[in-house]
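Me: Please take a close look at the place where the ligand sits, and tell me how far the model can be relied on there and elsewhere. I am new to this structure, so a connected account would help.

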Amino acid sequence: MYNTANTTPRQLPPGLDLAKFQSFLSRAWDICGTENVDLQQLVRLANEFAVPIWPFSIGRNTGYGGTAPRVPGSVGIDLGKHMNKIIEVNEEGAFALVEPGVTCFSLNEHLVKTGLDQKLCLDVPDLGGGSIIGNAVERGVGYTPYGDHRMEIILPNGELVRTGMGALPDPDASPDLPPHEQPPNKCWQPFNYGFGPYHNGIFSQSNLGIVVVKMGIWAYMITFPRDDDLPKIVDIIRPLRLQMVLQNVPTLRNILLDAAVSAPKSSYTSETGPLSEAKMDEIAAGLDLGRWNFYGAVYGPEPVRNVLLTVIKGAFLSIPGSKFYQFYLPEDRKEPHSVLRTRAKTLQGIPAIDELRWVDWAPNGAHLFFSPISKISGKDANLQYEVTKRRCTEAGFDFIGTFTDGMREIHHIVCIVFNREVEEERLKARWLIRTLVKACAADGCGEYRTHLALMDQIANTYNFNDNALMKLNETVKNALDPNGILAPGKNGVWPRSYDKSEWVLGESEPWERAGAGAGAGSKSS
Ligand code: EUG
């Protein structure tokens, strides 16, 4: 029996006293036991007690808040701890059905063990340590040419839904089994939609598959020597990407991102402020890299790859001083932490986390991602680069960033790396990211994803026509989650049961607000 008497949390859920919270815990204990969580019952219980719950897969949402909930006192639900099974890897259909605790690493390991890695490959993100489902529901980016998702969802009222073709029962379904144990419809994973409105976009707890067909691959890097090569490079990327000469999601990385993978800032300079242009040129030359470095891959039968590479080289190498390197060729990079070598893994679907070395740029390094979207246009990308770099410099940080190139847009990721042990740096990082949100919105640019602390501010930049989108979001939220228990505040969407004037973190920090102390948001500072 669970001893509730000893459990005094540091922070109670809003509106609950200790006795009520302990009674929630003891009921939750009855449902969960030590291992097997009946998630549907647990969600119903959260409704009964109006306890906010914050599900996470394995909690590697790095730079965006990790496992942390938006509302202090929320009950975290660690989905990945026990729900970590690979339910199916389907070779013929090139898909997998996985639970939230399955990481890119664990699925890859399974593919290698079963020999299926010779036939299938994963669509992995930059940092492969996280949950496949977690990254997919956060709309993370994968870097191979394929990758797609379907879902099994538990609604805020505890009901279980399968989206798309999953709603059509499998003929072998047995009335004796609970819904979550019913065999899946055979077309659930292969087809995205099914029949009627497409709901995947509005959900976040799910079972899904992302496996893609593996073919030949060559990864390559092209270095560009000058900082102001950026707009030219981006204008070359656009037509090649749209014509699918660039078959995957390539990345154009600023020198300091790659320099930081190689070694900490202190190994390049004894200075602490933002590096000068001359110093960055010197670092690039020392590493035999460009001020911008482009990483991509060509896929398919060898003659196809050869033709694609010819076109790619012809286009990019028109920029003076640019150099081409191909993975596995004699000119392969020999440095110990070659980004090309890591990208070669990522681009063929083998997860890696080597790259996270860039957080060590600063001592006690921590990071926040600022992630605006840009058109694939030299002018637009350059404007975003100039605005974000100027603000980074103003805050005393180096600009560390990468342009991740989709078919028609760029995810521009600015990595704000700071010393987490120095209060001034923490405050400057927060000032910087708040300022960047405003500055980019003023240029008509918005972010695709963000850290918890910025969710309200960013949601408020998507305010076309008197916040029509937020009104829609709130209408849907209140209809599906009338008690407001599931991840309140996630992406700026607050259920009716929360007073937004107390909870919203706007453009200023809580401690800067007049009358601070009203909400738990301000208390927690
Ligand atoms: C990165 C890329 C992302 C993201 C966070 C980080 C890459 C860092 C394209 O999405 O959301 C080097």
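Reply: In this predicted model, an oxygen atom of the ligand is 2.6 Å from an N or O atom in the side chain of Tyr 64, and another short distance involves Tyr 448, where a polar side-chain atom lies 2.5 Å from an oxygen atom of the ligand. Taken alone, the ligand would expose 340 Å², of which the protein buries 95%. Besides Tyr 64 and Tyr 448, the residues around the ligand include Asp 126, Val 141, Tyr 143, Trp 358, Phe 369, Thr 402, Thr 404, Ile 413 and Arg 449. Sorted by class, this shell is made up of 7 nonpolar, 2 polar and 2 charged residues.

As for confidence, the protein chain has a mean pLDDT of 85, with 88% of its residues at 70 or more. Among its elements, the highest mean pLDDT, 98, belongs to strand 10 (residues 251-254), whereas the lowest, 25, belongs to strand 8 (residues 211-213). Over residues 204-215 pLDDT stays under 50, although the model has 70 contacts beyond four places in sequence for them; over residues 516-525 pLDDT also stays under 50, and there the model has 14 such contacts. Where pLDDT is low, the predicted coordinates should not be read in detail.

Turning to aromatic rings, the structure holds 15 aromatic pairs. One of them joins Phe 24 and Phe 49 edge-to-face, at 5.6 Å centre to centre and with 70° between the planes. Because Phe 24 lies in helix 1 (residues 18-32) and Phe 49 in helix 2 (residues 39-49), this pair ties together parts that are 25 residues apart in sequence.

Definitions and conventions:
Residues are numbered from 1 along each chain as its sequence is written. This is a predicted model: local features need pLDDT of at least 70, side-chain atom pairs count only at pLDDT 80 or more; totals for chains, interfaces and linings use all residues. Side-chain values use heavy atoms; hydrogens and water are left out. pLDDT is the predictor's confidence in each residue, from 0 to 100. Helices (H or I, at least four residues) and strands (E, at least two) are DSSP runs, numbered from the N terminus. Contact means heavy atoms within 4.5 Å. A residue is near a molecule or strand if one of its heavy atoms lies within 4 Å of it. A polar contact is a pair of N or O atoms within 3.5 Å; within protein, one must be able to donate a hydrogen and the other to accept it, and residues adjacent in sequence count only if both atoms are side-chain atoms. Accessible areas come from the Shrake-Rupley method with a 1.4 Å probe; for residues, only the protein chains shown count as cover. Ala, Val, Leu, Ile, Met, Phe, Trp, Tyr, Cys and Pro count as nonpolar, Asp, Glu, Lys and Arg as charged, and the others, Gly among them, as polar. Rings of Phe, Tyr and Trp (its six-membered ring) pair if their centres lie within 6.5 Å; planes under 30 degrees apart count as stacked, over 60 as edge-to-face and the rest as tilted.
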